[in-house]
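Please open the model in a viewer and keep the selection panel at hand. The tour proceeds by successive selections.

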Amino acid sequence: MATRMDLDGQPIKPITICMIGAGGFIGSHLCEKLMSETPHKVLALDVYNDKIKHLLEPDSLPWAGRIEFHRINIKHDSRLEGLIKMADLTINLAAICTPADYNTRPLDTIYSNFIDALPVVKYCSENNKRLIHFSTCEVYGKTIGCFLPKDSPLRQDPAYYVLKEDDSPCIFGPIEKQRWSYACAKQLIERLIYAEGAENGLEFTIVRPFNWIGPRMDFIPGIDGPSEGVPRVLACFSNNLLRGEPLKLVDGGQSQRTFVYIKDAIEAVLLMIENPQRANGHIFNVGNPNNEVTVRQLAEMMTEVYSKVSGVPALEKPTVDVSSKEFYGEGYDDSDKRIPDMTIINKQLGWNPKTSLWDLLESTLTYQHRTYAEAIKKSMAKPVAS
Ligand SMILES: NC(=O)c1ccc[n+]([C@@H]2O[C@H](COP(=O)([O-])OP(=O)(O)OC[C@H]3O[C@@H](n4cnc5c(N)ncnc54)[C@H](O)[C@@H]3O)[C@@H](O)[C@H]2O)c1
Ligand SMILES: O=C(O)[C@H]1O[C@H](OP(=O)(O)OP(=O)(O)OC[C@H]2O[C@@H](n3ccc(=O)[nH]c3=O)[C@H](O)[C@@H]2O)[C@H](O)[C@@H](O)[C@@H]1O
C-alpha cells in the first residue's frame, strides 16, 4: 500500500482505533473503508458483529490481523478502559438511535446516549486519547422558521432554516414530547465533551450526521429483526416495498429531510481520522444539502426506483396516511426541516458529498432486493400458526 498523505501533504502514520459500536450501520462501513484503503488497525467493540462478519472471517483476508472484534457491552465491562488505552483514537458510535424508541423507551434512550457515553469521554480525557464522538443533526431540533406564520415570506429565507454548527440554537419540544429525549441526551454529551476540551484539553471531534443512508441500515422486521420493531424510514419503506404493501406516511409525510449516501459520508469521517490538526476541536455537520425531499417525495421516489430495480410493478395506491400517535405512540414529535450548512467541513476538510438521491436509492434498493426478497417471499408463504 502506498504511503497515504494528509491534506497538508504529510505522510499519515498507521494508528490503532478503538471503535465502539463498530457492528452497526455506520461502523460496518467505516471498518470496511479502513480495512480496504488504509493501514490502520481497528479494535471493534460491539454486542453484535453480524454486519462486520465479512471483514472478520476467514483468517486469510488481506487485512486479517488489523481488525479484532471484542464482544463488549460498554454499560458494564471493565475491559473498556484498557482497550481505549491501547488505541491512539477512540470513535464512539454506540447508541440507541431509532425514533420509535425515543418516546417508548426514553430511559434506555437517555442512558444509552448520555450515561453510557460518560466513561468513554472520561477514559479518553484521563489518558490523553483523541475522541471522535457521534452526535446527531437532531440536536438542532426544529427550525426557527417553523414558528413563523405559515404565509410569512421569511420562511423562504435560509437564515430561518439552514442549520449552522456555531450559530443555530437547539430547539426542542416540551418534556412530555419524549421524542426529544434522544436529542437532549446527545446535546448534553456534546456539551460535556466540549467542556472537557476547554477545561482539560481533551482532543475531540463531534460529528453531526444528517440522515446517512445505504445498505445494512437497521433491519427488516421479521427477517433480521423483530417483527414488531420499527426501524428508521429507509428500512420501513424498504420493508413495505419488499412485501408489496403501501408505504406509511406519518402525519402526511410533510417533514423534510436531506439524505446523504453512507459511502460519501464515510469519506468525511476518514478525513477527520487522518487530519487531526484540522478536525480537533470542531463540530461537523455531515450531510447533503442538495438531496432535500419531503418524506412523501422520498416514498414516491423509492417506489419508482424499487419498481425499476426489482421489475415488480408499483401498487396503484403506493402510500397510505397514518397518524404519528398510531405509528409511534404518545409523545412523538418531529423535526420539520434539516438542511446542513457545509461551511465548516468545507473549510477544514474540503469535503463535499457526491451522490444524488436517485443514485443512492438505486444502489441501496438493489442491495435490499438482492438481500431480502427471497427471505420475504419464504416468510410470507409460511402458513400462520393457529
Ligand atoms: N445513521 C445516521 O444517519 C445517523 C444519524 C445521526 C446520528 N447517528 C449516530 O451515529 C451513531 C451510529 O449510528 P448507526 O446508524 O450506525 O446506528 P446502529 O444502531 O446501526 O449502530 C449502533 C451500534 O452500537 C451498538 N451499541 C449500542 N449500545 C451498545 C453498548 N452498550 N455496548 C456496545 N455496543 C453498543 C449497537 O449494537 C449497534 O451495533 C449513533 O450514535 C447515532 O446516534 C447516526
Ligand atoms: O438520521 C439522522 O440524521 C437522525 O435522525 C433520525 O430521525 P428521523 O430522520 O426523524 O428518523 P427516520 O426514522 O429516518 O424518519 C424520517 C421521517 O420519516 C417519517 N416516517 C418514518 C417511517 C415511516 O414508515 N414513515 C414515515 O413517514 C418520520 O415520521 C420522519 O418524519 C434518527 O433520530 C437518528 O437515526 C438520527 O440521529
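The stops below go from the whole chain to an annotated segment, the nonpolar core and the two ligand sites.

**The whole chain**

Begin with the entire chain in cartoon representation, bearing in mind that this is a predicted model. The cartoon shows 14 helices and 15 strands. Turned onto its principal axes, the C-alpha trace spans about 55 × 55 × 40 Å. A compact globule of 386 residues would have a radius of gyration near 21 Å, and the chain agrees because its own value is 21 Å. Colouring by burial would mark 43% of the 386 residues as buried. Of the contacts between residues at least 6 apart in sequence, 79% join residues at least 24 apart.

**The annotated segment**

Next, select residues 17-287, which an unreviewed UniProt entry lists as "domain: NAD-dependent epimerase/dehydratase". How much of this segment, residues 17-287, is helix and how much is strand? Helix accounts for 35% and strand for 18%, while the end C-alpha atoms lie 24 Å apart.

**The nonpolar core**

In soluble globular proteins, nonpolar side chains tend to be buried together. The largest nonpolar core in this chain has 100 residues. Display Cys-18, Met-19, Ile-20, Cys-31, Val-42, Ala-44 and Met-302 as sticks; these touch the most other members of that core.

Now centre the view on Cys-31. Which residues is Cys-31 in contact with, leaving aside neighbours within four places in sequence? They are Met-19, Ala-22, Val-42, Ala-44, Ile-52, Leu-55 and Ile-67.

**Ligand 1**

Select ligand 1 and the 24 residues that surround it. Gly-21, Gly-24, Ile-26, Ala-95 and Cys-97 are the closest. Helix α1, residues 25-37, supplies the largest share of this shell, with 3 residues. Coloured by residue class, the shell around ligand 1 shows 13 nonpolar, 8 polar and 3 charged residues.

**Ligand 2**

Finally, move to ligand 2, which has 20 residues around it. Label Thr-136, Arg-232, Val-233, Cys-236 and Val-250, which come nearest to this ligand. Two elements give two or more residues to the shell: α8 (233-243) and β9 (247-250). Which of the elements makes the largest contribution to the shell around ligand 2? Strand β9 does, with 3 residues. By class, the shell around ligand 2 divides into 11 nonpolar, 4 polar and 5 charged residues.

Definitions and conventions
Residues are numbered from 1 along each chain as its sequence is written. Chains are lettered from A and ligands numbered from 1 in the order in which they are written. This is a predicted model: local features need pLDDT of at least 70, side-chain atom pairs count only at pLDDT 80 or more; totals for chains, interfaces and linings use all residues. Helices (H or I, at least four residues) and strands (E, at least two) are DSSP runs, numbered from the N terminus. The radius of gyration is taken over C-alpha atoms; the globule rule is 2.2 Å times the number of residues to the power 0.38. A residue is buried if 20 or more other C-beta atoms lie within 10 Å of its own, exposed if 12 or fewer, and partly exposed in between; C-beta atoms are placed from the backbone. Two residues are in contact if their C-beta atoms, placed from the backbone, lie within 7 Å. A residue is near a molecule or strand if its C-beta atom, placed from the backbone, lies within 6 Å of it. Ala, Val, Leu, Ile, Met, Phe, Trp, Tyr, Cys and Pro count as nonpolar, Asp, Glu, Lys and Arg as charged, and the others, Gly among them, as polar. A nonpolar core is a set of buried Ala, Val, Leu, Ile, Met, Phe, Trp, Tyr and Cys residues joined through C-beta atoms within 7 Å. UniProt positions are given in the numbering used here, feature names are shortened, and annotations may be inferred rather than shown by experiment.
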